[in-house]
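Open the model in your viewer and keep the selection panel within reach. The tour goes one stop at a time.

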Amino acid sequence: MANQRYGLKEVANVIFFDVATGKPVIFFDTLKVSTIENASESAEVTGGQGNNRLMSWDFGRTATLTLQDALLSDTTISLLSGNAVKNADVQLVGREVLTVTGSTGSFKVSLSQTPDTNSVTVYKMAGSIMDEEITGATVSSKDVTLTTGVKAGDRVMVFYTYKL
């Protein structure tokens with residue numbers, strides 16, 4: 001007879017299949033065991049001298065296996081939430097720490113993405129902490145021009161939204 005007992009120590013590879021197509025949807029190779037719990041309900045009949053247990057029933061057995069994944073992906077989130085992954089017309093929030101370049105009256109930083117209209121907010125950095133907000137920034141494509149509150153070499157943190 002084959003061994004029918006299984007144990008998990010550190011890692012489990014798990015594949016989720018689409019029940020409609022039978023094809024694999026996602027493969028988890030970075031799971032680790034969090035908990036394995038077994039539970040059941042029981043009822044007992046007692047009686048006689050000393051009220052000894054005469055009979056007992058075990059029912060409602062459940063086994064719960066909880067796994068943790070070390071990584072997170074859009075596909076994982078979509079499976080857990082029951083929603084499709086949205087790949088177009090997605091609004092994202094950008095945050096970049098940049099070094100100011102330029103000269104008096106025309107300091108600039110260049111963003112990695114083109115920001116949405118009126119979405120750019122700039123803060124001067126004091127070490128690794130956001131300090132004061134820099135007002136009066138103008139945006140042209142990916143370039144942000146700062147006229148006051150900064151000088152060349154200053155570090156700024158820029159928040160903005162953009163479409164993917």
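The stops below cover a pocket, a helix residue, a sheet and one lysine, all in a predicted model.

**Stop 1: the pocket**

Select F16, F28, L31, T76 and L80. Of the 13 residues that line the largest pocket, these lie nearest its centre. The volume of this pocket is about 240 Å³. Now colour β1 (11-17), β2 (24-47), β3 (52-69) and α1 (74-81), since each of these elements supplies at least two residues of the lining. What classes of residue make up the lining? The lining has 10 nonpolar residues, 2 polar and 1 charged.

**Stop 2: T76**

Stay at the pocket and zoom in on T76, which belongs to helix α1. Is T76 buried or exposed? The relative accessible area of T76 is 8%, and buried means under 20%, so T76 counts as buried. Show side chains here and add S73: the side chains of T76 and S73 make a polar contact at 2.8 Å.

**Stop 3: the open sheet**

Move on to the strands β5, β6, β10 and β9. In that order these 4 strands form an open sheet with antiparallel pairing. At the edges are β5 (101-103) and β9 (138-140), each pairing on one side only. From one strand to the next, the twist averages 20°.

Select β5 together with β6 (residues 106-110). The two strands pair in the antiparallel sense over 3 bridges. Here T101 stands opposite K108, and S103 stands opposite S106. The two strands form a hairpin with 2 residues between them. In the turn, pick G105, which has a positive phi of about 85°.

Next, show the side chains of β6. In a regular strand, side chains alternate between the two faces of the sheet. Which residues of β6 point to which face? F107 and V109 point to one face and are buried, while S106, K108 and S110 point to the other and are not buried.

Then add β10 (residues 143-146), which pairs with β6 in the antiparallel sense over 4 bridges. Across this pairing, F107 stands opposite L146.

**Stop 4: K124**

Finish with K124, in strand β7 (residues 121-126). The relative accessibility of K124 is 22%, so this residue counts as partly exposed. To see how far the chain has run, select V25 as well: K124 and V25 are 99 residues apart in sequence and 45 Å apart in space, C-alpha to C-alpha.

How values were computed:
Residues are numbered from 1 along each chain as its sequence is written. This is a predicted model: local features need pLDDT of at least 70, side-chain atom pairs count only at pLDDT 80 or more; totals for chains, interfaces and linings use all residues. Side-chain values use heavy atoms; hydrogens and water are left out. On a 1 Å grid over the protein atoms alone, a cavity is a set of points where a 1.4 Å probe fits but cannot get out, and a pocket is an open set with protein on both sides within 12 Å along at least five of seven lines; lining residues have an atom within 4 Å of a point. Grid points are joined across faces, edges and corners, and a volume is the space filled by probe spheres set on the points. Ala, Val, Leu, Ile, Met, Phe, Trp, Tyr, Cys and Pro count as nonpolar, Asp, Glu, Lys and Arg as charged, and the others, Gly among them, as polar. Two strands pair if DSSP finds at least two bridges between them. Axes are lines fitted to C-alpha atoms, for helices over the stretch in contact, and angles run from 0 to 180 degrees between N-to-C directions. Buried means under 20% relative accessible area, exposed over 50%, partly exposed in between (1.4 Å probe, protein chains only). A polar contact is a pair of N or O atoms within 3.5 Å; within protein, one must be able to donate a hydrogen and the other to accept it, and residues adjacent in sequence count only if both atoms are side-chain atoms.
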